[in-house]
Amino acid sequence: MSGSPDRSALSNSAGSSTAGRLKPAAHIVLIGFMAAGKSVVGRELAARHRLKFTDTDQLVADSHGPIPEIFAARGECGFRELEARSVAAALADKTPGVISLGGGAVLDTGTQQLLRRATVVFLDTDLETVLPRIIRSGNRPMLAGDPVRRWEELAKTRRPVYESLADFTIDTRGLAVPAVIDRLTTILNEGA
């Protein structure tokens, strides 16, 4: 991917020290399952290290309206085109920052190619962890019908893609956002 030699998973036993402020040479891109916490973690990581934060789902919504309405009007294919353009625009920014991608953004082959120039972090989780978030948020077009069954199907098909693209994987199960950020900061500083 980004030339980093360490593509290992971080277990829950890893240390939680926060080393110095991150000064990334490339964008830090958070990928993972729907409701994994990519936006919350990304926003907080960027704030802690005084980096720019970009949520590509928010870029799409800001330019084209609410995502459920985009799905209704243009279908998933139309949404994915807009999403791929937003990801490309975010990655084109010359100043490295933190970018959160929507769960399905990594399915686009062009996006996969662009991610080679970034440090990609897979925020791994499970259904038990995300279920309360899915229930709270309610309006996720990709989970229409039976949200639990759809999430499990998507997780099964997308996990290999996330794993293949990730420079680092952090298991977020049972972790509060500050603990995830501590681990992320440590691993990114060690990999620098």
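# Exercises on a predicted chain

The chain exposes about 9300 Å², and carbon and sulfur atoms supply 52% of it. These areas come from the Shrake-Rupley method with a 1.4 Å probe; for residues, only the protein chains shown count as cover. This is a predicted model: local features need pLDDT of at least 70, side-chain atom pairs count only at pLDDT 80 or more, and totals for chains, interfaces and linings use all residues. Residues are numbered from 1 along each chain as its sequence is written, and side-chain values use heavy atoms, with hydrogens and water left out.

## Exercise 1: the fold

Find how many helices and strands the chain has, and their order.

**Solution.**
- Start with the terms: helices (H or I, at least four residues) and strands (E, at least two) are DSSP runs, numbered from the N terminus.
- Count them: seven helices and six strands.
- Read from the N terminus: β-β-α-β-α-α-β-α-β-α-α-β-α.

## Exercise 2: strand β5

Decide whether the faces of β5 are buried or exposed, and name the strands that pair with β5.

**Solution.**
- Set the cut-offs: buried means under 20% relative accessible area, exposed over 50%, partly exposed in between (1.4 Å probe, protein chains only).
- Check β5, residues 119-124: six of its six residues are buried.
- Take one side: Thr119, Val121 and Leu123 are buried. On the other side, Val120, Phe122 and Asp124 are buried too.
- Now the neighbours. Two strands pair if DSSP finds at least two bridges between them.
- Strand β2 (residues 28-31) pairs with β5 in the parallel sense, over four bridges. Here Ile31 stands opposite Phe122.
- Strand β6 (residues 168-171) also runs parallel to β5, joined by four bridges. Asp124 has Asp171 as its bridge partner in β6.

## Exercise 3: the nonpolar cores

Work out which elements give two or more residues to the largest nonpolar core.

**Solution.**
- Define the core: buried Ala, Val, Leu, Ile, Met, Phe, Trp, Tyr and Cys residues joined through side-chain atoms within 4.5 Å.
- The largest one has 26 residues; Val29, Leu91 and Trp151 are among those with the most contacts inside it.
- The elements are β2, α3 (67-92), β5, α5 (127-137) and α6 (147-165).
- Helix α6 gives the most, with six residues.
- Look also for a second, separate core: it has 17 residues, including Leu51, Val121, Ile181 and Leu184.
- Keep the background in mind: in soluble globular proteins, nonpolar side chains tend to be buried together.

## Exercise 4: the salt bridges

Trace the salt bridge of Asp124, then find the network that holds Asp124.

**Solution.**
- Apply the rule: a side-chain nitrogen of Lys or Arg lies within 4 Å of a carboxyl oxygen of Asp or Glu.
- The structure holds 11 such bridges.
- Asp124 pairs with Arg173, with the closest N and O atoms 3.7 Å apart.
- Place the two ends: Asp124 sits in β5, Arg173 in the loop between β6 and α7 (177-191), 49 residues apart.
- Compare their cover. Asp124 is buried, at 8% relative accessible area; Arg173 is partly exposed, at 29%.
- Move to helix α6. Glu163 and Arg159 form a salt bridge at 3.6 Å, N to O. They lie four residues apart, about one turn of the helix.
- Glu163 is partly exposed at 44%, and Arg159 is partly exposed at 25%.
- Join the pieces: Asp124, Asp126, Arg159, Glu163, Asp171 and Arg173 are linked in one network of salt bridges.
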